[in-house]
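Reader: I should like a close look at one part of this model, namely its open sheet. Please describe how the strands are arranged and then relate that part to the other local features that can be described.

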Amino acid sequence: MKYLMSALGLCLVLVSGLLLAADFNAAMTAYERQDYATAAREFTALAQSGDTHAQYMLGRLHSQGKGVAQDYVEAHKWYNLAASHGHKHAGQARDTLSQRMSSTQVATAQREARQWKSGADKISTDTPPLRQTINSIQRSLNELGYDAGVPDGLMGAKTRAAIREYQYAHGLDVDSQPTESLREHLAETLRTAKNDSEKTHNQANDWPWRRLLLHDAFRDGDYTRDPAWTVDTGSFSVESGAGLRTVHTARRPLAEAPQEDLPMAILGAILGEVNRSRSQGNTAETPDLAEIHVVQNITNAFALELGLNVRQATGPLVFGPYQGSERSSGYHLVYTPDAARGLHLVRLTSSGSSIIESVDQQFTLNQQYAIQWTRDSSGVMVVSLDDNEVFRVTDRNFRDSFDGFTLINKGGDYTISAVTIHGTN
């Protein structure tokens with residue numbers, strides 16, 4: 001009987017191992033076909049059960065923002081756990097990622113890795129005060145409609161994202177930290193919400209973009225982390241108290257064309273230069289523009305807010321959401337000064353580009369402007385300047401989500417005080 005029980009136990013272990021291997025293979029298959037949302041769900045379940053390879057892959061997904069919100073703290077945690085269990089690549093990935101994180105973020109990730117346990121954790125009366133605070137914050141966030149995940153008292157990606165959304169929505173410093181003052185603020189918000197539930201419901205219906213996808217006011221002085229922007233060409237810097245600054249002097253004038261065709265000629269010149277820059281990579285001739293982008297999943301319906309200060313406008317400024325790694329499809333809002341001055345909403349596809357809508361608009365130098373650009377689920381796009389609607393147009397060409405946000409300077413001195421993008425659930 002003793003030997004029979006041992007044999008049965010060994011069989012169960014082998015079967016369990018085979019099932020885990022099958023699940024991991026399914027997750028990898030989803031990852032390789034770029035179905036990152038499915039891969040994230042599969043890897044999360046495996047990682048929670050202690051699968052080292054799944055922990056490493058989950059770290060990669062969080063680091064790159066594929067299938068999940070980009071979260072360096074969560075990525076560091078999973079890399080750290082995988083490394084502690086012997087994964088040969090996880091330690092190096094963790095150390096490389098650490099260079100892009102603040103000391104506070106690294107300390108938070110290390111603490112979460114120490115606190116992590118496979119399987120479900122429960123809050124008890126002897127739980128440390130910080131964990132009790134996190135649990136209370138999670139419960140309040142969930143009650144207010146923010147998805148903080150299971151209230152387990154542990155800081156995971158969902159909790160951190162929910163805190164970030166709440167802090168931004170209520171004008172607090174966006175640091176994703178579970179403090180006692182945040183717990184008290186949430187408690188007060190809950191009391192107010194319960195006394196005014198009908199008003200809260202109406203506001204939610206009027207503003208469908210409630211999920212914060214990206215927010216960067218560049219207050220940390222570093223555009224390379226949290227979130228991580230990538231400079232493709234040209235000059236970008238963070239100016240203290242002002243934001244992200246780009247200065248570019250165009251070497252060549254834009255294409256000449258009849259007045260009625262000038263916006264399209266300018267657009268063609270910009271896109272031609274951008275495409276050459278992206279396809280040729282490092283060439284002997286530096287591209288005649290400055291471009292920076294950030295990888296971030298953006299829902300098909302979005303609300304984009306951008307603070308802009310124009311110090312000098314000698315050429316166009318272009319920005320908007322894109323699709324694909326080559327950033328050759330999507331929507332761009334193009335500001336053109338001088339003869340072709342105005343705001344032009346442009347659609348880029350594999351078959352070409354076209355101006356959807358235009359409005360004559362000139363920006364006064366050294367004045368701060370707030371640009372808001374929304375797109376709803378039916379394709380209606382509204383562009384507003386300082387809360388004044390400048391145009392409204394419908395375009396249903398794109399039905400999938402977008403892969404990131406790009407900004408291009410074709411000539412001038414521009415400062416972006418903040419970029420904020422909300423999406424739908």
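Author: In this predicted model, seven strands make up an open sheet, and their order across it is E2-E5-E14-E7-E8-E9-E10 with antiparallel pairing. The edges are held by strand E2 (229–233) and strand E10 (352–359), each of which pairs on one side only. From one strand to the next, the twist averages 20°. In general, the strands of a sheet pair through backbone hydrogen bonds, and the pairing may be parallel or antiparallel.

Within the sheet, strand E7 (residues 317–323) and strand E8 (residues 329–336) are joined by five bridges in the antiparallel sense. One particular bridge can be named: Leu 317 has Tyr 335 in E8 as its partner. Close attention is also due to Tyr 322, because Arg 327 lies over the face of its ring, 6.0 Å from the ring centre, and a charge counts as sitting over a ring if it is within 6 Å of that centre and within 35 degrees of the ring normal.

Aromatic residues form a further theme. The count of aromatic pairs comes to 15. One of them joins Tyr 31 and Tyr 36 in an edge-to-face arrangement, with 5.5 Å from centre to centre and 65° between the planes. Tyr 31 and Tyr 36 are both buried. Elsewhere, ring pairs link a cluster that consists of Phe 218, Trp 229, Phe 302, Phe 319, Tyr 331, Trp 373, Phe 398, Phe 402 and Phe 405.

The two tyrosines, Tyr 31 and Tyr 36, lead to Leu 61, which is in contact with both of them. Leu 61 belongs to helix H3 (residues 52–64). Its relative accessible area is 0%, and therefore Leu 61 is buried. Beyond its neighbours within four places in sequence, Leu 61 also touches Ala 39, Ala 40, Phe 43, Lys 66 and Val 68. Although Leu 61 and Tyr 36 stand 25 residues apart in sequence, their C-alpha atoms are 7.9 Å apart in space.

A last site is His 87, placed in the loop between helix H4 (72–84) and helix H5 (90–98). Despite this loop position, His 87 counts as buried because its relative accessibility is 11%, and the cut-off for burial is under 20%. The His 87 side chain reaches the backbone nitrogen of Ala 90 at 3.4 Å. With neighbours within four places in sequence set aside, the contacts of His 87 are Thr 52, His 53, Tyr 56 and Ala 82.

Methods
Residues numbered from 1 in each chain as written. Predicted model: local features only at pLDDT ≥ 70, side-chain atom pairs only at ≥ 80, totals over all residues. Heavy atoms only, no water. Helix = DSSP H or I, 4+ residues; strand = E, 2+ residues; numbered from the N terminus. Buried < 20%, exposed > 50% of the residue type's maximum accessible area, 1.4 Å probe, protein only. Polar contact = N/O pair within 3.5 Å; in protein donor to acceptor, adjacent residues only side chain to side chain. Contact = heavy atoms within 4.5 Å. Phe/Tyr/Trp six-rings, centres within 6.5 Å; stacked < 30°, edge-to-face > 60°. Pairing = 2+ DSSP bridges. Axes fitted to C-alpha atoms, helices over the stretch in contact; angles between N-to-C directions.
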